[in-house]
Amino acid sequence: YLSDITGGSMFAVDNGANTVSSSYSGVDSPSVGTAGTYIKGQGGLYFYAAGNSGNNWSNFDYPDVVIVGATGSNDVKASWSGYGLAVDCVAPGVGIESTARGGGYSAPSGTSFSTPLTNGVAAMIFANNPGISAQGVEDILLGNCTDLGAAGEDNTYGNGLVNLRGALEAGGPAGPLVLTMGTLVGGAIVNANVADCTPAAQVVVA
């Protein structure tokens, strides 16, 4: 049931996951948007597959779910990939080599592969920026996609093709950390302000 998928996703973030992805049907169900809002409220990001039936998802646009479409090796949207206003970005989803049931390997296609790939990029942004907020990660992820189709965000590719290298280079370590203080003296107390972090986040200064 879809409720098992969304419930499991919320369970994951409640138990320490920063990123969660669902490769399943039902992206147009309002419960997907509700789960995404809960997950972001807990400091995580929710990724959901756009589906493989060629649907135009322009009748909704969840603010807290990253919906992912599929492209082929030519960086063109797969004919069967969901698209429309709701789609936030795309990732490779045609002929993706993977392990196969019963052993060996196969190269299936679907937004079920594009979505966890995008989830992995977000996870690496989190890892590269200790303490960054979920919204900060989403901004870096979508802001550094490779633009495809019409210039800027569009209803075919969203913000474009996910770009791991671009996201990590643009994000850099730790995000916008600014320390303003006087001369440090042993035993003195110094106050510092850290922006774009989740509550009680660990801040690493190197």
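Both faces of strand β2 are covered in this predicted model. Leu45, Phe47 and Ala49 lie on one side of the strand and Tyr46 and Tyr48 on the other, and all of these residues are buried. Put as a count, five of the five residues of β2 are buried, so the strand is mostly covered, with under 20% relative accessible area as the limit for calling a residue buried. The surroundings of β2 are a helpful place to begin, and the sheet comes first.

The strand belongs to an open sheet of four strands, arranged in the order β1-β2-β3-β4 with parallel pairing. The edges of this sheet are formed by β1 (19–22) and β4 (89–92); each has a single partner strand, so one side of each is left without a neighbour in the sheet. On average, and with direction ignored, neighbouring strands are turned by 35 degrees against each other. As a general reminder, strands of a sheet pair through backbone hydrogen bonds, in either a parallel or an antiparallel way.

On the β1 side, β2 (residues 45–49) is joined to its parallel partner by four bridges. Two residues of β2 can be matched to their partners here: Leu45 is the bridge partner of Thr19, and Phe47 is the bridge partner of Ser21. Towards β3, the pairing is again parallel and again runs over four bridges. Here Tyr48 has Ile67 of β3 as its bridge partner.

Two helices can now be added to the picture. Helix α2 (residues 30–41) packs on the sheet, where it touches β2 and β3 (65–71), and its direction makes about 155 degrees with that of β2. Together, β1, α2 and β2 make a β-α-β unit, and this unit is right-handed. Helix α4 (residues 134–143) lies across β2, β3 and β4, and runs at about 45 degrees to β2.

Charged side chains provide further links, and the structure holds three salt bridges. In one of them, Asp64 meets Lys40 at an N to O distance of 3.4 Å. This pair links distant parts of the chain, with Asp64 in the loop between β2 and β3 and Lys40 in helix α2, 24 residues apart. Lys40 also forms a salt bridge with Glu138, and the closest N and O atoms of that pair are 2.7 Å apart. Here too distant parts of the chain are linked, since Lys40 sits in helix α2 and Glu138 in helix α4, 98 residues apart.

How exposed or buried are the residues of these two pairs? Asp64 has 17% relative accessibility and therefore counts as buried. Lys40, at 16%, counts as buried, and so does Glu138, at 8%. Through shared partners, the salt bridges join Lys40, Asp64 and Glu138 into one network.

Another salt bridge is found in helix α5 (residues 164–171), between the side chains of Glu169 and Arg165, with 2.9 Å from N to O. The two residues are four places apart in the helix, which means that about one helical turn separates them. Glu169 counts as exposed at 55% relative accessibility, and Arg165 is exposed with a relative accessible area of 62%.

Nonpolar packing completes the description. The largest nonpolar core has 19 residues, of which Phe47, Cys89, Ile125, Val137 and Leu141 touch the most other members. Two or more residues of this core come from each of β2, β3, β4, α3 (111–128) and α4. Helix α4 gives the largest share, five residues. Phe47 thus appears twice in this account, as a buried residue of β2 and among the residues with the most contacts to other core members.

Cys89 can be followed in some detail. Leaving aside residues up to four places away in sequence, Cys89 touches a run of residues in β3 that includes Val66, Ile67, Val68 and Gly69. Its other contacts include Thr118, Leu142, Cys145 and Tyr157, as well as Gly158, Asn159, Gly160 and Val162. A second, separate core contains 16 residues, including Val13, Val27, Tyr46 and Ile67. Phe47 is part of the largest core, whereas Tyr46 belongs to the second one, and these two residues lie on opposite sides of β2.

Key: Residues are numbered from 1 along each chain as its sequence is written. This is a predicted model: local features need pLDDT of at least 70, side-chain atom pairs count only at pLDDT 80 or more; totals for chains, interfaces and linings use all residues. Side-chain values use heavy atoms; hydrogens and water are left out. Two strands pair if DSSP finds at least two bridges between them. Axes are lines fitted to C-alpha atoms, for helices over the stretch in contact, and angles run from 0 to 180 degrees between N-to-C directions. Contact means heavy atoms within 4.5 Å. Buried means under 20% relative accessible area, exposed over 50%, partly exposed in between (1.4 Å probe, protein chains only). A crossover is right-handed if, with the strands pointing away from the viewer, the path from the first strand over the helix to the second runs clockwise. A salt bridge is a side-chain nitrogen of Lys or Arg within 4 Å of a carboxyl oxygen of Asp or Glu. A nonpolar core is a set of buried Ala, Val, Leu, Ile, Met, Phe, Trp, Tyr and Cys residues joined through side-chain atoms within 4.5 Å.
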